[in-house]
Amino acid sequence: MKVVVTGGAGFIGSHLVDALVKRGDSVTVLDNFCSGEREFLEQSSENIEIHEVDLLNDDFSAQLEGVELVFHAAANPEVRIGETQPEIMFEQNVKVTEKVLESMRCAGVSNISFTSTSTVYGEATIIPTPETYGPLNPISEYGKSKLEAERLIEEYCAKFGFRAVSLRFANCVGARSNHGVTFDFVNKLRDNDKELTILGDGSQSKSYFHVEDCVSSMLAVLPTDICSEGEFCAFNVGSEDAIDVVAVADTVCNAMKLEGVGYEFTGGVDGGRGWKGDVKTMLLSVELLKSKGWKPKFDSQEAVHSTAMWLAERY
Ligand SMILES: NC(=O)c1ccc[n+]([C@@H]2O[C@H](COP(=O)([O-])OP(=O)(O)OC[C@H]3O[C@@H](n4cnc5c(N)ncnc54)[C@H](O)[C@@H]3O)[C@@H](O)[C@H]2O)c1
């Protein structure tokens, strides 16, 4: 297939690109490299087209000609930034998605696979949370922006017959991780291997999953294969367990072969959250995706452990 990956130089996007190239797809990457890295694309660079494009401000319609499917992974994924600069979430996650959809419509491309998030559920009262859970009530600007993007995509399905898959990811980790708690802990411990500051009260419990499982999920449910015309399908993606932030810290210390590190908790905000908008408990039901033949290979601890090892070696 001829495919475009927006945000293809990022953490998840670059792994997806590697997998698509392995499958023999013809891949074009659109990225402005604000957080993506050219180095992440080295493995596939001879077999892909790379365009340095800012999706918000540049015209990229020419790159969509003849394309069958767009993986839209470009976004600002930093939940914390949304609380101080909500306009960034609106621009990068909502406006950019609208621009991608409209450019696709103009170019006659109607298949989209979207990288959404568990944060669209807000503080779910059913754990593990299924896709049918409602009402969707995100508590962060990031979650709100992704939900708004999903609604735009649904609108393009209803009005213009798009076929869409939205993948609601838990916390994805793995080689090339460039943000998130595992990344933060490794960096902090490199600076000070005696003491680690942990945001919140330490009881936040979340599901982590490996980027290998992330990419296999994206390929397991391609809109070209599973959606009928005008259909929008949402799938949760994650591992089948959750660990608390202290277990993440223990796992990172273990991977970095550090003993006796003292943990200092900030206490957090709003009842022990790491930051405003931080969901305290997250575990997704992945039964729907499993019914399509997908299964995660790694549990939360294995995923965090291998990520911490990769980060510790790289930096
Ligand atoms: N990593 C996770 O745990 C996680 C969880 C849930 C959802 N997601 C979603 O998955 C997707 C990929 O996330 P990631 O973790 O790989 O983040 P990332 O920051 O590594 O990737 C985002 C990519 O998009 C590019 N980009 C951002 N704004 C752009 C713009 N305006 N124009 C062109 N390129 C732009 C960046 O340069 C980067 O390469 C995002 O949509 C994110 O919201 C990630």
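This is a short tour of a predicted model, with a suggestion at each stop for what to select.

**Stop 1: the two domains**

Start by colouring residues 2–172 and 209–237 as domain 1, then 174–207 and 240–314 as domain 2. The C-alpha centres of domain 1 and domain 2 are 23 Å apart. Where they meet, 39 residues of domain 1 are in contact with 29 residues of domain 2. On the domain 1 side, the elements giving two or more residues are helix H1 (11–23), H2, strand E7 (171–173), strand E10 (208–210), helix H6 (211–220) and E11. Pick out H6 here, since the largest share of that side, six residues, is from H6. Sorted by class, the domain 1 side holds 16 nonpolar, 14 polar and nine charged residues.

**Stop 2: the core**

Now look for the largest nonpolar core, which has 77 residues. Select Val 5, Leu 16, Ile 153, Ala 164, Cys 214, Val 237 and Val 252; these touch the most other members. Helix H8 (residues 245–255) provides the largest share of this core, six residues. Where does the core sit relative to domain 1 and domain 2? Both domains give residues to this core, so it lies between them.

Zoom in on Val 237 for a closer look. Setting aside neighbours within four places in sequence, Val 237 is in contact with Leu 167, Arg 168, Phe 169, Ala 170, Phe 209, Cys 214, Ser 217, Val 286 and Leu 289.

**Stop 3: around the ligand**

Next, show the ligand and the 29 residues around it. Gly 7, Gly 10, Phe 11, Gly 36 and Ala 75 come nearest. H1, H3, E5 and E7 each give two or more residues to this shell, and H1 gives the most, with three residues. By class, the shell has 15 nonpolar, 12 polar and two charged residues.

**Stop 4: helix H4**

Select residues 141–160 to bring up helix H4. Try a distance check between its end C-alpha atoms: they are 28 Å apart, which agrees with the 28 Å that 20 residues should span at 1.5 Å a residue. Buried residues of H4 include Glu 141, Tyr 142, Leu 147, Ile 153 and Cys 157. What do the buried residues of H4 pack against? Their partners are helix H2 (79–84), helix H3 (86–107), strand E5 (111–117), strand E6 (163–169) and strand E11 (232–237).

Stay in H4 and click on Leu 147. Leu 147 counts as buried because it has 23 C-beta neighbours inside 10 Å, where 20 or more is the cut-off. Beyond residues up to four places away in sequence, Leu 147 touches Val 120, Leu 136 and Pro 138. Ser 116 is 31 residues away along the chain, yet its C-alpha atom is 7.8 Å from that of Leu 147. At the end of the helix, H4 is followed by Gly 161, with a positive phi near 75°.

**Stop 5: backbone oddities**

Most residues other than glycine have a negative phi, and most peptide bonds are trans. Here are some exceptions to find.

- In the loop between E5 and H4, select Pro 128: the peptide bond from Ile 127 to Pro 128 is cis, with omega near -5°.
- Pro 135 is also in the loop between E5 and H4, and the bond from Gly 134 to Pro 135 is cis, with omega near 0°.
- Arg 176 has a positive phi of about 75°. Look for it in the loop between E7 and helix H5 (181–191).
- Lys 257 has a positive phi near 55°, in the loop between H8 and strand E13 (262–265).

Is each of the last two buried or exposed? Arg 176 is buried, with 21 other C-beta atoms within 10 Å, whereas Lys 257 is exposed, with 9.

Technical notes:
Residues are numbered from 1 along each chain as its sequence is written. This is a predicted model: local features need pLDDT of at least 70, side-chain atom pairs count only at pLDDT 80 or more; totals for chains, interfaces and linings use all residues. Helices (H or I, at least four residues) and strands (E, at least two) are DSSP runs, numbered from the N terminus. The expected span of a helix is 1.5 Å times one less than its number of residues. A residue is buried if 20 or more other C-beta atoms lie within 10 Å of its own, exposed if 12 or fewer, and partly exposed in between; C-beta atoms are placed from the backbone. Two residues are in contact if their C-beta atoms, placed from the backbone, lie within 7 Å. Domain bounds come from an automatic or database domain assignment. Ala, Val, Leu, Ile, Met, Phe, Trp, Tyr, Cys and Pro count as nonpolar, Asp, Glu, Lys and Arg as charged, and the others, Gly among them, as polar. A nonpolar core is a set of buried Ala, Val, Leu, Ile, Met, Phe, Trp, Tyr and Cys residues joined through C-beta atoms within 7 Å. A residue is near a molecule or strand if its C-beta atom, placed from the backbone, lies within 6 Å of it.
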